[in-house]
Amino acid sequence: MTTYLDVRRLHGDALEADTADVALAMDEDAFRAFYDRTSRALWGYLSRTSGDRQVADDLLQECYYRLLKSAVPFESEAHRRNYLYRIATNLVRDTRRGTRPLFADGVEVADLEAPQAHADAAERADVRRAMGRLKPRERALLWLAYAQGSSHSEIADVLGLKTGSIKLLLFRARRKLAALLAPKVSS
Amino acid sequence: MKTPTRVQPTDAEIEAIVADAIAQEAACAGSEAQPPSSAIVWWRAQMRARQEATQLAEKPITIVHALSIAAGIGLMLSVVGYVAAVMKGSRGWLATVTDLAAAAVPSMPALTSPWVAVTLTAMLVSALIASIAAFVIFSDE
């Protein structure tokens, strides 16, 4: 039977943890190397699938924290990376369920107001506007396929879809984005 | 006169255009990204994990505290109720207490009131319970 004193001892042990390392899924060196390899690409995925840079900033830390707290035995670097992207996908989906609108008329407001420093800035804004009009899953599909270079099975793993359906979904997403980029396609 | 027909792009052309657009956007996102350093992210994760571990450990403590307080209040109320019942039934011992109080502090006649005696008794009982509770809580052995 657990007595009150046992509970107090447990409490004391927990307080002692303040001065000791807590158990996380990776050691510091391995984590830092993995983070340095993946953080920029993950930020890009978060910002382009959510449509909000602030959301991407907020979710980046959360993604890695959840990865560190996970008890999943990763078979490889690719497995760990896919798991990280699955966490990111779920977090973006949860964020979207909130009250905050991520896109204003299909494009992030900051993009419209940003100074157009480069010659191709207008074109990029067109791409963003077009991507903003896609469904979140379509954005994620296209980004994983063409920005990350993920295979169909990896995309299926990240998005929780069947591998066999990815080809068709990608085809439709491509068509839709191409239609939204119509002037560019016709030229 | 024959009107020029608009040539539909093939799937391969569409794929090339989409891939190119997204690749450029990815390059742009890569240059925009300013993620915090890995050291900061690691440190924050450590802090948060410790905080969560502490909160998890404190949960049973809070429950035990709440139960102790509830038990203490219940005990005190039952003692007060018992005293009130005894007082209603027989005022003999109360008279003794008030007489003793009057004898001990003759300059304070208000102490001789029966209600003051009841309050004092309740306070004494509470103090006794509190000291026992403090002993149980803070003694490690």
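The expected span of a helix is 1.5 Å times one less than its number of residues, and helices here are DSSP runs (H or I, at least four residues) numbered from the N terminus. Against that yardstick, helix 2 of chain A falls short: a straight helix of 23 residues would span 33 Å, but this one spans only 29 Å between its end C-alpha atoms. This is a predicted model, where local features need pLDDT of at least 70, side-chain atom pairs count only at pLDDT 80 or more, and totals for chains, interfaces and linings use all residues. Residues are numbered from 1 along each chain as its sequence is written, with chains lettered from A and ligands numbered from 1 in the order in which they are written.

**Bends and ends**
- Helix 2 of chain A has a kink of about 45°, centred on A:Thr38 (the bend is the angle between axes fitted to the seven residues ending there and the seven starting there).
- Just past helix 2 of chain A, A:Gly51 has a positive phi of about 80°.

**Helix 2 against helix 3**
- The axes of these two chain A helices come within 9 Å and cross at roughly 140° (lines fitted to C-alpha atoms over the stretch in contact, angles from 0 to 180 degrees between N-to-C directions).
- Helix 2 and helix 3 of chain A are therefore oblique to each other (not under 35 degrees, over 145 or 65 to 115).

**Chain A meets chain B**
- Chain A puts 42 residues into the contact and chain B 36 (C-beta atoms, placed from the backbone, within 7 Å).
- Helix 2 of chain A gives the most to chain A's side, with eleven residues.

Methods
Contact = placed C-beta atoms within 7 Å.
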